[in-house]
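Student: Got a minute to walk through this model with me? I'd like to start with the strands.
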Amino acid sequence: MNDIPRRHAALDMSPDEFRQIGHALVDRIAEFLAWIQDRSNPVTRAERPGQIRSLLGSGPFPEKGTPAEELLSEVSTLLFDHSLFNGHPRFWGYVTSPAAPVGILGDFLASAVNPNVGAYDLSPVATEIERQTVRWIAEMIGYPASCGGILVSGGNMANFVCFLAARKAKIPWDIRKEGVGDTRPGRLRIYCSTETHTWIHKAADLFGLGHDAIAWIPANENQRMETEALRKQISADLKGGMIPLMVVGAAATVGTGATDPLLEIGAICREHHLWFHVDGAYGGFAAALPEASADLKGLRDADSLAVDPHKWLYAPLEAGCALVRDPKALLDTFSYHPAYYRFDEHADEGLTNFYELGLQNSRGFRALKVWLALRQAGRGGYERMIREDCRIAAELFRSLGSHPEIEPLTCNLSIATFRYVPADLRGADRSGEEYLNKLNTAVLARIQSGGMMYPSNAIVQGKYAIRACVVNFRTTVEDILGLPDLVVSTGREIDKEMRPA
Ligand SMILES: Cc1ncc(COP(=O)(O)O)c(C=O)c1O
């Protein structure tokens with residue numbers, strides 16, 4: 001007997017209701033996008049966790065539901081009033097871009113159709129859009145378009161996918177069956193510079209090699225890997241009976257945007273049959289610029305490459321991308337064929353089931369927002385945006401020369417670093433340097449919590465630096481030229497408070 005004759009599911013919504021609530025939400029988002037572009041509004045209100053928690057209250061999970069219209073209105077206000085806005089023209093922290101508006105709409109559309117992009121049969125057009133996205137990304141930056149690739153949640157995950165492909169390809173035994181095997185500390189070796197992003201710690205740890213497997217190669221005064229030291233370390237390891245697997249090069253480093261000598265690292269890898277991986281999470285897309293350095297363009301020689309569309313393609317979070325020169329290396333690493341899947345019907349047409357190319361099984365349609373942005377801007381549009389970001393950082397760096405209390409440190413791609421140095425502490429000794437590090441730490445904290453501009457920090461040869469990273473198509477030269485003045489006025493204020501009498 002059917003005792004559910006007609007369902008009134010608590011979560012369903014009539015199409016008319018959806019239209020009405022959706023239109024109201026889009027109107028609020030449009031107002032929000034106008035609001036964050038008004039420079040007099042803050043990048044962040046820097047509220048404390050307790051303040052935010054008290055807004056949400058500590059009530060139990062409610063027994064009764066709330067109408068969606070009311071909820072969306074309430075939560076829009078909550079988010080617009082209590083967030084940090086990386087879409088604000090004066091946000092230059094970490095490596096985080098504004099969300100391309102077409103990507104915002106793309107995410108909305110993607111979740112409306114809700115394809116499961118794990119298997120072609122569950123997501124026919126979405127799978128093909130992801131394949132095209134991967135190919136266009138490779139073409140854009142000069143990587144072989146015949147590569148394998150997959151979209152993931154970000155730079156860390158893209159590096160993990162590549163790391164696992166390298167591990168499978170280079171460990172000289174059946175790792176699927178035997179695991180990483182003999183785990184004597186440091187037996188398996190991975191080489192990277194001391195400037196490498198912390199994903200490498202997580203990868204070495206989580207994927208069974210351990211931190212002792214990492215051979216840290218020193219970086220020179222320009223934060224680039226010293227290749228002579230790399231050569232020596234590989235030779236010493238080979239003599240010592242260790243098993244070198246891979247070298248990780250940066251395009252470019254998270255701290256200062258320095259690009260490792262990728263051409264030479266590639267040659268060293270070929271000489272020793274090592275896997276050459278490039279972390280291009282920050283700078284990979286700058287290789288699209290015709291004027292990019294030969295080393296940056298050298299990422300085309302990599303066996304695998306991580307890039308990050310939610311950085312310099314300006315896609316809304318989350319979107320990373322792993323590219324692997326030999327598509328079979330991804331299948332060898334991730335493909336399984338359980339009896340409960342029948343997803344190989346179109347194998348003769350070059351079928352792609354993305355669950356066979358990465359860590360995820362069910363997968364969302366994150367490719368749509370990236371694909372839409374690629375199509376909206378085209379190669380020319382992207383080249384202009386990326387080039388302008390770099391020029392704005394260069395303008396900032398150039399302007400630092402006219403501020404006697406600022407010490408310029410580095411400028412690469414779209415990252416400029418510098419620090420506040422009171423006039424009498426120029427050329428400081430060791431204890432002076434310690435004080436300058438404390439002072440600049442405090443300066444950055446006050447600027448960030450002040451909320452009108454948002455740089456972050458880098459450590460440059462032991463110096464705590466203020467760091468502006470422009471991956472923001474809304475930033476103008478005028479916006480960024482206000483930063484040194486703010487650093488100087490904040491620096492003077494804090495120096496007065498902090499300096500021992
Ligand atoms: C060079 C580099 N690698 C990896 C990452 C990690 O990327 P995600 O935060 O998207 O995981 C970053 C992030 O800034 C980065 O700059």
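Tutor: Sure. One definition before we start: two strands pair if DSSP finds at least two bridges between them. Also keep in mind that this is a predicted model.

Student: OK. In which sense do S6 and S7 pair, and over how many bridges?
Tutor: Strand S6 (residues 304-307) and strand S7 (residues 320-324) are antiparallel, and four bridges link them. One bridge puts Leu 305 with Leu 323 in S7.

Student: What's the strand order in the open sheet of seven strands?
Tutor: The order is S1-S7-S6-S5-S4-S2-S3. The pairing is mixed.

Student: Which strands are at the edges?
Tutor: Strand S1 (148-152) and strand S3 (214-217). Each pairs on one side only. On average, neighbouring strands of this sheet are turned by 20 degrees against each other, direction ignored.

Student: Which strands of it does H5 touch?
Tutor: Helix H5 (residues 124-141) packs on this sheet and touches S1, S6 and S7. The direction of H5 makes about 110 degrees with that of S1.

Student: What about the sheet with four strands, what's its order?
Tutor: That open sheet runs S8-S9-S11-S10, with antiparallel pairing. Strand S8 (406-412) and strand S10 (456-460) each have a single partner strand, so one side of each has no neighbour in the sheet. The twist averages 35 degrees from one strand to the next.

Student: How many bridges between S9 and S11?
Tutor: Four, in the antiparallel sense, between strand S9 (residues 415-420) and strand S11 (residues 463-469). Thr 417 stands opposite Arg 467 in S11.

Student: Switching to helices. At what angle do H15 and H16 cross?
Tutor: Roughly 120 degrees, for helix H15 (residues 430-450) and helix H16 (residues 477-498). Their axes come within 9 Å.

Student: Why does that count as oblique?
Tutor: Roughly perpendicular covers 65 to 115 degrees and roughly antiparallel starts over 145. The angle of roughly 120 degrees falls in neither range, so H15 and H16 are oblique to each other. The crossing is right-handed.

Student: Which residues make that contact?
Tutor: From H15, Leu 439, Ala 442, Val 443, Arg 446 and Ile 447. From H16, Leu 486, Val 487, Thr 490, Gly 491, Ile 494, Asp 495 and Met 498. By class, the contact has eight nonpolar, two polar and two charged residues.

Student: And how do H1 and H3 pack?
Tutor: Helix H1 (residues 15-36) and helix H3 (residues 68-81) pack at about 10 degrees, with their axes 10 Å apart. They are therefore roughly parallel to each other. Ile 21, Leu 25, Arg 28 and Phe 32 of H1 meet Ala 68, Glu 69, Leu 72, Ser 76 and Phe 80 of H3. That contact has six nonpolar, one polar and two charged residues.

Student: What surrounds the ligand?
Tutor: 13 residues, the closest being Gly 154, Gly 155, Asn 156, Val 254 and Ala 281. The shell has six nonpolar, five polar and two charged residues.

Student: Backbone geometry next. Where are there cis peptide bonds?
Tutor: One runs from Ala 251 to Ala 252, with omega near 15 degrees. Ala 252 lies in the loop between strand S4 (243-250) and helix H10 (262-272). Another joins Leu 317 and Glu 318, with omega about 5 degrees. Glu 318 is in the loop between helix H12 (309-312) and S7.

Student: What's the phi of His 273?
Tutor: Positive, about 55 degrees, although His 273 is not a glycine. His 273 lies in the loop between H10 and strand S5 (275-280).

Terms used. Residues numbered from 1 in each chain as written. Predicted model: local features only at pLDDT ≥ 70, side-chain atom pairs only at ≥ 80, totals over all residues. Axes fitted to C-alpha atoms, helices over the stretch in contact; angles between N-to-C directions. Helix = DSSP H or I, 4+ residues; strand = E, 2+ residues; numbered from the N terminus. Parallel < 35°, antiparallel > 145°, perpendicular 65-115°, else oblique. Left-handed = near helix turned anticlockwise from the far one by under 90°. Contact = placed C-beta atoms within 7 Å. Nonpolar A, V, L, I, M, F, W, Y, C, P; charged D, E, K, R; others polar. Near = placed C-beta within 6 Å.
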